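Hi everyone, thanks for making time. I'd like to walk you through a structure that's new to most of you, so have a look at it while I talk.

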Amino acid sequence: MPSTPLAPHQIERLLEAARSAQKRAHAPYSRFHVGAAVLDDQDRVHAGCNVENAAYPLGMCAEAGAIAALIANGGTRVLALVVVGDGENLVTPCGGCRQRMREFAAADTPILVADRERVRARFTLEQLLPHGFGPENLKPGVPNLLGRSE
Ligand SMILES: [Zn+2]
């Protein structure tokens, strides 16, 4: 079942939340501030920012924080994600965060990559994580959010 297209006001809410979170990122080591926001199945927006740690491997991505906030607030599905970062190159979700999305999102879930001014690119989860491993691999009968069985 295809996802409902994002409305412009939903995109604006996601951008605003992700940009606010980006400003609060804890990134004293990389100085690379990232914000993210996800839209849940109740039309609520949850934001996260990257949180670095002096013990480097413990740093956490903005997308992971946004997804954790969604779950902590009772959301069950990610209907869209916006990630905001600076620089010349697109700040796309890392491989780990693509997999985190896979747990709660559908193949056609939009992932928007933005900077402080504009949306620079738009992908679907399947474009960023083709043939992903998901919950249905471990639990027969769990619906395949990618909408197909292989
Ligand atoms: Zn990540």
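One bit of vocabulary before the tour: a residue is called buried if 20 or more other C-beta atoms lie within 10 Å of its own. And keep in mind that what you're looking at is a predicted model.

Let's try that word out on Leu125. Is Leu125 buried or exposed? Well, Leu125 has 25 other C-beta atoms within 10 Å, so Leu125 is buried. You'll find Leu125 in helix α4, which covers residues 125–128. Who is around it? If we skip the neighbours within four places in sequence, Leu125 is in contact with Met101, Arg102, Ala105, Ala106, Ala107, Thr109 and Ile111. And if you look further along the chain to Leu145, 20 residues apart from Leu125, the two C-alpha atoms are separated by 11 Å.

Okay, zooming out. The chain has five helices and five strands, and from the N terminus on, the elements go α-β-β-α-β-α-β-β-α-α. The radius of gyration is 15 Å, close to the 15 Å the globule rule gives for 150 residues, so the chain is as compact as a globular protein of that length. If you want a box around the C-alpha atoms, think roughly 45 × 35 × 30 Å along the principal axes. Of the 150 residues, 39% count as buried. As for contacts with a separation of 6 or more, 56% of them are between residues 24 or more positions apart.

Now, the strand I'd like you to find is β3, residues 78–85. Why do I say β3 is largely enclosed by the rest of the structure? Because eight of its eight residues are buried.

Let's see what β3 pairs with. Strand β1, residues 34–40, pairs with β3 in the antiparallel sense, over seven bridges. To pick out one spot there, Ala36 has Val83 in β3 as its bridge partner. Then there's strand β4, residues 110–114, and here the pairing with β3 is parallel, over four bridges. In that pairing, Val82 stands opposite Leu112 in β4. To get from β3 to β4, the chain crosses through helix α3, residues 95–104, and this β-α-β crossover is right-handed.

One general thing to bear in mind as you look along a strand: in a regular strand the side chains alternate between the two faces of the sheet.

That's my tour, thanks for listening!

Key: Residues are numbered from 1 along each chain as its sequence is written. This is a predicted model: local features need pLDDT of at least 70, side-chain atom pairs count only at pLDDT 80 or more; totals for chains, interfaces and linings use all residues. A residue is buried if 20 or more other C-beta atoms lie within 10 Å of its own, exposed if 12 or fewer, and partly exposed in between; C-beta atoms are placed from the backbone. Helices (H or I, at least four residues) and strands (E, at least two) are DSSP runs, numbered from the N terminus. Two strands pair if DSSP finds at least two bridges between them. A crossover is right-handed if, with the strands pointing away from the viewer, the path from the first strand over the helix to the second runs clockwise. The radius of gyration is taken over C-alpha atoms; the globule rule is 2.2 Å times the number of residues to the power 0.38. Two residues are in contact if their C-beta atoms, placed from the backbone, lie within 7 Å.
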